[in-house]
Amino acid sequence: MSTPPRLEVQNLTRRFDGRSVVDDVSFSVLAGQVACLLGPSGCGKSTTLRIVAGVDMQDSGRISVDGNLVCDTVFRVPPERRAIGLMFQDFALFPHLSVAENVAFGLRGGAQANRDRVAELLDRVQMGNHIDSYPHQLSGGEQQRVALVRALAPRPRVLLMDEPFSGLDERLRDGIRDETLALLKEEGTAVLLVTHEPVEAMRMADQILLMRDGRIVQQGAPYNLYNAPADRRVAGFFSDLNILPGRVKGALTRTPFGEFLTPGMKDGTEVEIVIRPQHLKIDFDRNGQGPAPTAENGSAAHARVVRARYLGRESLVEFVTDQDAITLSATVPGAFLPPAGTPMWLMLRRDRVFVFPKA
Ligand SMILES: Nc1ncnc2c1ncn2[C@@H]1O[C@H](COP(=O)(O)OP(=O)(O)OP(=O)(O)O)[C@@H](O)[C@H]1O
């Protein structure tokens with residue numbers, strides 16, 4: 001028999017005032033995996049997390065840990081007996097307890113074993129020399145590390161994290177995220193992390209659960225969501241987009257960049273042909289001549305520069321096409337700042353184009 005997932009959530013629904021803020025949500029997380037509930041503010045991420053933690057109750061659906069029922073609408077294991085650890089945004093440490101006492105707080109077991117566990121974890125996050133410090137003597141990043149090891153100390157089967165890095169200085173975040181991830185992987189805990197930041201989810205997650213209006217609209221590895229988004233809004237959640245509007249005729253949609261296949265879509269369907277700014281190619285105009293069409297890039301469209309801005313690592317150049325006057329942005333590595341009005345040719349990487357019915 002195959003091992004059940006560490007955390008399994010089935011058909012979870014939660015209504016407030018008749019409105020489903022969590023709507024038939026199902027997913028599972030394996031031991032040692034990090035799953036990120038990702039979505040805009042108010043989409044139901046925290047409510048989902050609170051139900052898994054046991055501090056809120058669902059209207060329907062069930063939650064299991066290692067194949068054992070933790071709660072449905074009749075049966076309910078109390079929060080403290082779920083072997084589920086919590087690390088929330090304002091990871092409040094107990095101000096009157098030392099670092100070691102904070103980390104040992106949730107530990108049962110023998111005094112020596114507890115001391116060993118506390119020391120091992122604090123060493124692991126380079127906080128061994130702060131063992132007798134008090135929270136007010138620590139920086140934000142140091143407090144965050146103590147909060148993390150406090151949550152991990154009792155070896156929870158599942159760790160729930162709600163925007164755990166949001167209070168930290170931007171420059172500290174990447175390092176602390178990577179450190180946290182390494183420790184979580186070592187401990188083999190299943191992690192459910194809530195975030196509204198796509199970059200954080202891409203960096204941390206084995207699996208992203210993308211939520212919108214209480215539902216999971218797409219779940220999978222970061223690579224799959226980025227490269228095979230379910231709809232235009234999923235694609236747009238991860239980066240800026242260029243959109244070419246069009247209408248299907250004979251399974252094709254005509255654009256200034258030639259025709260795109262739109263199989264299975266009825267004549268007259270309005271579509272959006274979507275491409276990220278980094279997948280737009282630029283070529284110079286040679287007396288009105290542009291590059292020849294290729295299978296990789298299709299036909300080139302003539303356009304003029306509207307404005308160009310230098311962003312440090314790259315430049316962002318905005319164009320408007322001659323045909324249909326479509327505004328498009330391209331990112332170009334380094335400094336590329338052609339003056340407004342410069343004629344140029346644009347091409348789209350055909351393998352990077354998504355075609356969606358108009359939302
Ligand atoms: N106790 C409650 N009573 C009524 N409505 C609630 C309650 N808790 C949450 N909601 C509503 O449910 C919706 C989802 O809230 P939730 O906190 O789960 O969203 P979220 O995705 O975590 O957003 P954020 O990132 O802003 O925390 C929101 O519209 C919120 O106002």
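Start with strands β13, β12, β11, β14 and β20. Selected in that order, these five strands form an open sheet, and the pairing is antiparallel. Click on the two ends: β13 (258-261) and β20 (354-357) are the edge strands, each pairing on one side only. From one strand to the next, the twist averages 35°. Keep in mind that this is a predicted model.

Stay in this sheet. Select residues 242-249, strand β11, and residues 270-275, strand β14. Six bridges join the two strands, which run antiparallel. Now pick Leu244. Which residue of β14 is the bridge partner of Leu244? It is Ile273.

**Zoom out to the domains**

Colour the chain by domain. The domain assignment gives domain 1 as 7-236 and domain 2 as 241-357. The C-alpha centres of the two domains lie 41 Å apart. How many residues of domain 1 are in contact with domain 2? Five, and they meet five residues of domain 2. On the domain 1 side, the touching residues are two nonpolar, one polar and two charged.

**A second sheet**

Next, select β6, β7, β8, β3, β9 and β10. These six strands, in that order, make an open sheet with mixed pairing. The edges are β6 (84-87) and β10 (215-220), each paired on one side only. Here the twist averages 20° from one strand to the next.

Pick out β3 (residues 34-38) and β8 (residues 190-195). They pair in the parallel sense over five bridges. Show Leu37 as sticks, and look across to β8: Val194 stands opposite.

Add helix α4, residues 140-152. The helix lies across β6 and β7, and runs at about 170° to β6.

**One proline**

Select Pro164. This residue is found in the loop between β7 (158-162) and α5 (170-187). Is Pro164 buried or exposed? Pro164 counts as buried because 26 other C-beta atoms lie within 10 Å, and the cut-off for buried is 20 or more. Now add Phe88. Pro164 and Phe88 are 76 residues apart along the chain, yet their C-alpha atoms are separated by 5.9 Å.

**Last stop: the ligand**

Select the ligand and show what surrounds it. The shell includes Phe16, Val21, Cys43, Lys45 and His196. Gly39, Ser41, Gly42, Gly44, Ser46 and Thr47 also belong to the surroundings. Which element gives the largest share of this shell? Helix α1, residues 45-53, with three residues. Finally, colour the shell by class: three residues are nonpolar, seven polar and one charged.

Note on methods: Residues numbered from 1 in each chain as written. Predicted model: local features only at pLDDT ≥ 70, side-chain atom pairs only at ≥ 80, totals over all residues. Domains from an automatic or database assignment. Contact = placed C-beta atoms within 7 Å. Nonpolar A, V, L, I, M, F, W, Y, C, P; charged D, E, K, R; others polar. Helix = DSSP H or I, 4+ residues; strand = E, 2+ residues; numbered from the N terminus. Buried ≥ 20, exposed ≤ 12 C-beta atoms within 10 Å, placed from the backbone. Near = placed C-beta within 6 Å. Pairing = 2+ DSSP bridges. Axes fitted to C-alpha atoms, helices over the stretch in contact; angles between N-to-C directions.
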